[in-house]
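Me: Could you walk me through the empty space and the packing here, and tell me what each label rests on?

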Amino acid sequence: MQARFHAIWSEIAPKLQEALLPFIGDDNFPAMLTAEQIESVKQISGLNDHALALALLPLAASCSLTPISHFNVGAIARGESGNLYFGANMEFADVPLQQTVHAEQSAIAHAWLHGEKKLVSITINYSPCGHCRQFMNELNSGTQLEIFLPNRPHLTLADYLPEAFGPRDLLDTPLLLDTVHHGHQLTTHDELVQAALEAANRSHAPYSQSHSGIALQDEKGRIYTGRYAENAAFNPSLPPLQAALIFMNMSGSDCLSIKRAVLVEGENSRLSQWNATQSTLTALGCTKTEQYTF
Ligand SMILES: [Zn+2]
């Protein structure tokens, strides 16, 4: 079992421990459970879907990286596929707070990067902040997304975000988690560059059309990609680097172990991720950051 789960494990109910151990006991546990695994966990633990998502929150929160606030938030996103994806907040020392990732963004980006096409619900251990309510309003689930919290009534995003401003106020375009492919190409055979290009092709940037993606390689040679997730209200947009750091962290890799990073974006895009990406990666100790443009 990964070290991050050790401290909280003793607080998990014995029946749930027994049910989860075959999955979470694996050092390569990807902080997600497939629909099939969930059926087995529910059968052994006796928990229903809702109770299980709530019971998993402390495990998700133990994936938080909070050197500034020490305030750990966990989230569990349920995909249309039936899979559950962990999410956790992330802060980065020596980097402005605008680069912070919230738990809901983490769970959503995590699901998206695993290929999930729509979310049904999200379970969180604290009420979603305004920033996250707006971020979630970009999803193709719309305001019908169900939101669960401990000891609170079952509500939807429409309840948390009345009089919402969202994508439909601007454009009739694909929404976040819709399948897109922008068709950009690069001739290099470099595996990391091609991974970043594929991420850019699947990015969500309907307002600026500034598609971008990134690929990070850790010390073991593993590759984590991140796609830009633009937001109708602009500021809650999630940069590609943050999406990749989410994927890397949730996959159990150390965000301070990035050996090489490649950002891919458009040469004539209206905005660039390059300066912010390079600056944050330098703070994370990555000395090899490259930019490729299509
Ligand atoms: Zn938030």
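Reply: Happy to! Ala, Val, Leu, Ile, Met, Phe, Trp, Tyr, Cys and Pro count as nonpolar, Asp, Glu, Lys and Arg as charged, and the others, Gly among them, as polar. The model is predicted, with local features needing pLDDT of at least 70 and side-chain atom pairs pLDDT 80 or more, while totals for chains, interfaces and linings use all residues. Residues are numbered from 1 along each chain, and side-chain values use heavy atoms, without hydrogens and water.

Me: How is the lining of the largest cavity divided into nonpolar, polar and charged residues?

Reply: Its residues are Gln99, Pro239, Leu241, Gln242, Gln273, Ala276, Thr277 and Thr280. By those classes, three are nonpolar, five polar and none charged. Helix H10 (274-283) and helix H9 (240-250) each give two or more residues, and H10 has the largest share, three.

Me: What makes a space a cavity?

Reply: On a 1 Å grid over the protein atoms alone, a cavity is a set of points where a 1.4 Å probe fits but cannot get out, and lining residues have an atom within 4 Å of a point. The search finds one such space of 30 Å³ or more.

Me: Why is the largest nonpolar core said to lie between domains?

Reply: A nonpolar core joins buried (under 20% relative accessible area, 1.4 Å probe, protein chains only) Ala, Val, Leu, Ile, Met, Phe, Trp, Tyr and Cys residues through side-chain atoms within 4.5 Å. The largest has 77 residues, with Leu59 and Leu216 having the most contacts inside it. Domain 1 (27-169) and domain 2 (191-293) both contribute residues, so this core lies between them.

How values were computed: On a 1 Å grid over the protein atoms alone, a cavity is a set of points where a 1.4 Å probe fits but cannot get out, and a pocket is an open set with protein on both sides within 12 Å along at least five of seven lines; lining residues have an atom within 4 Å of a point. Grid points are joined across faces, edges and corners, and a volume is the space filled by probe spheres set on the points. Helices (H or I, at least four residues) and strands (E, at least two) are DSSP runs, numbered from the N terminus. Buried means under 20% relative accessible area, exposed over 50%, partly exposed in between (1.4 Å probe, protein chains only). Domain bounds come from an automatic or database domain assignment.
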